[in-house]
Amino acid sequence: MSVTNRNHAIEAISKRTELSGKHDLDENAAPIDYYGKDVFNAGAIRKYLSRGAAEKLLATIQDGEKLDPSVAGDVAHAMKDWAIARGATHFTHWFQPMTGGTAEKHDSFLDLNEQGEAIMTFSGKNLVMSEPDASSFPSGGLRCTFEARGYTAWDPTSPAFVKRNPRGATLCIPSIFCSYTGEVLDKKIPLLRSIQALKQSIARFMNLFKAEPQHVAITLGAEQEYFLIDRNFYLQRPDLIQTGRTLFGAPPAKHQQLEDHYFGSINPRILNFMAEVEEELWRLGVPAKTRHNEVAPAQFELAPTFEELNLAVDHNMLTMEILRRVAERNGLVCLLHEKPFAGVNGSGKHNNWSVTYGGRNLLDPGESPRQNYIFLAFLTAVIRAVDLHGDLLRSSTVTVGNDYRLGANEAPPAIISIYLGERLTEILKQVEKKQYETQTHKARQLKVGVQTAPSITGDDSDRNRTSPFAFTGNKFEFRACGSSQSCAGFNMLLNVAVAESLDYISERLESAVGTDEFQKKLDDLLSSLITAHKRIIFNGNNYSNDWVEEAQRRKLPHLRTSLDALRPFLDQRNHRLLERYGVLSHIELESRFEIFQEEYLRKIQIEGEVSRDIAQNQILPVALEEYGELVKVLQASQAAGVSAGVKALERNAMLIGQQIDALQQNVDKLASYNGVDPTNCQEYIDTTKALRTAVDALELLVDDRKWPLPKYREMLFIY
């Protein structure tokens, strides 16, 4: 019996004893000593720039003031000297096109003077603007192939950083990306526009309560889930290489049902990987804080502390890149797909969103939420925003992987609702009825019956992991987001939806500010808004069929598939919202519909073609060989007059033969499609699923020693 590549992979992993990894830091240095070392942050700015130039740049970064163009040359010179001191030889505008990842084109600092001598230069023009080829990025029809010119421009509100490689380093300048005619071609410009709009609406809203002007910060903490498998297995799985998920794989007897992986002791090899990831992130000023095993075997999570939204989005994009890069150095592969393994939990990106005003969290209820009118009004604005624009929030979660994850008893369903918890829900009922209870809330003390245990203070309400948009103490956690996605899209849409609701409240109260009528008008308005939008509040089990029926009665949209969820981009009501706040124009929003739909259909077709190729060229030959051997033994037994075992031979030959027929039938059907479009997409998906059913059945019937693909029990458990 020949040994398969799968067996070689297992043997190679079993012989691994070293903990590989790159540790080029001073072992005696504390982590705080190298935190932000590779970031052109406030300390570096003050060190490398004159005081006047530094203060002008910091005013833009910290206070949002328009950048003084006169300092660009000085900043470029300082940035170059700082980067070269860290080994950089090149610079790049680091931007986020509509591909879902990041992009960069490297130029060296090298130049020649009049004498032909090599010098290192970097001008203000190089810093401020660059010209990549816009036609080679998704534009949704905004640009034709022959209209190639596009521009990247420096985003000074996100600090430049140095990205290291084995042969040097590159200065990365966070940038925006637009077309020759100014249309948006990236995810950062709409995000920055939405931040700007929401800050203005918050300032207007706070003026209702006569609050002094303060710095407004929209903050984000993005929890990143991911899977890790050994690279030896990955290279034997064409489906993982081509699509990011396993298109075939029978469930193992043991996976996550014992619930023994979550928060379990971290495997030494994985812990080594995590430590190396954190070293790189800390050097780049990414405040990675939490690491742990997730629910599914081979699944893990990394969570940072909260940062201002634009920077947090950039840092999450860096985090995903570093997870993949460090995994490769450690002989692992990081899978960021939302559902890389069927039958076990998929991966999300929990989007923890909040707002501060002069350091005060506007979503902090305080000891008495009933007496905190700013909190109640802001909370009501968010409730209204999610109720009116839940369809757009659902649109922001569209990925092929999320179609397999959402509602699969591991992630929130595709119905957008809000969880508030018992205490806040009760308070809102009082506000709605205008029947207030004035008692101050007292913290609950839990008694566990252990004398030596410290006092345990219970939270106001339980957490609801089934809710897509849950209030979690002093923030909202949007849990429907996909692990592979940029945070820019859903936060952009959430920002503009909340901005519109805040303005709605402000418009109806501004005339009463400073008068005796203000309190009554505020009470009346909050009561009417809660009555109008309380349908979006649901504190129960979002996984239950009863909730699906109840949501339908409440007329909440249930956009099950990605193609359904993309249609709100074409809704004129949403066009008016985004145009009103200058976030996306009519054609920019429609271009996103085109980009996302085309990407979705292409990925579905790629999955089908990869499934067909693996089934036809790897699975079918092995199945036919097994079938042939069974038939041969069966015929020999019958010729010899042997009856014992014949029924078993007949049964297994029949079962394998039936699945071979099903395999071939679905392979042929997939081959018959002339592309995938919205009219045949679901049928194509169903055919791919039927092919998987046949292959997964064969995996359980064919001799284990012959099976060519690494199995789930191996990929999920062997390190």
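Biologist: What makes you say that the charged end of Arg 384 sits over the ring of Tyr 504?

Modeller: The charged end of Arg 384 is 3.9 Å from the centre of that ring. The rule asks for NZ of Lys or CZ of Arg within 6 Å of the ring centre and within 35 degrees of the ring normal, so Arg 384 over Tyr 504 counts. Arg 508 also sits over the ring of Tyr 504, 3.5 Å from its centre.

Biologist: And what am I looking at, exactly?

Modeller: This is a predicted model, where local features need pLDDT of at least 70 and side-chain atom pairs count only at pLDDT 80 or more, while totals for chains, interfaces and linings use all residues. Residues are numbered from 1 along each chain as its sequence is written, and side-chain values use heavy atoms, with hydrogens and water left out.

Biologist: How many aromatic pairs are there, and why is Phe 91 with Phe 122 called tilted?

Modeller: There are 26 aromatic pairs. Rings of Phe, Tyr and Trp (its six-membered ring) pair if their centres lie within 6.5 Å; planes under 30 degrees apart are stacked, over 60 edge-to-face, and the rest tilted. Phe 91 and Phe 122 have centres 4.6 Å apart and planes at 50°, so tilted it is.

Biologist: What makes this pair a tie between parts of the chain?

Modeller: Phe 91 is in strand E1 and Phe 122 is in the loop between strand E4 and helix H6, so the pair links parts 31 residues apart in sequence. Helices (H or I, at least four residues) and strands (E, at least two) are DSSP runs, numbered from the N terminus.

Biologist: How do you know whether Phe 91 and Phe 122 are buried or exposed?

Modeller: By relative accessible area: under 20% is buried, over 50% exposed, and in between partly exposed (1.4 Å probe, protein chains only). Phe 91 has 8% and Phe 122 has 7%, so both are buried.

Biologist: Why are H12 and H19 described as they are?

Modeller: Their axes come within 11 Å and cross at roughly 95°. Axes are lines fitted to C-alpha atoms, for helices over the stretch in contact, with angles from 0 to 180 degrees between N-to-C directions. Under 35 degrees is roughly parallel, over 145 roughly antiparallel, 65 to 115 roughly perpendicular, and the rest oblique. H12 and H19 are therefore roughly perpendicular.

Biologist: Which residues make that contact?

Modeller: With contact meaning heavy atoms within 4.5 Å, H12 brings Leu 388, His 389, Asp 391 and Leu 392, and H19 brings Arg 573, Asn 574 and Leu 577.
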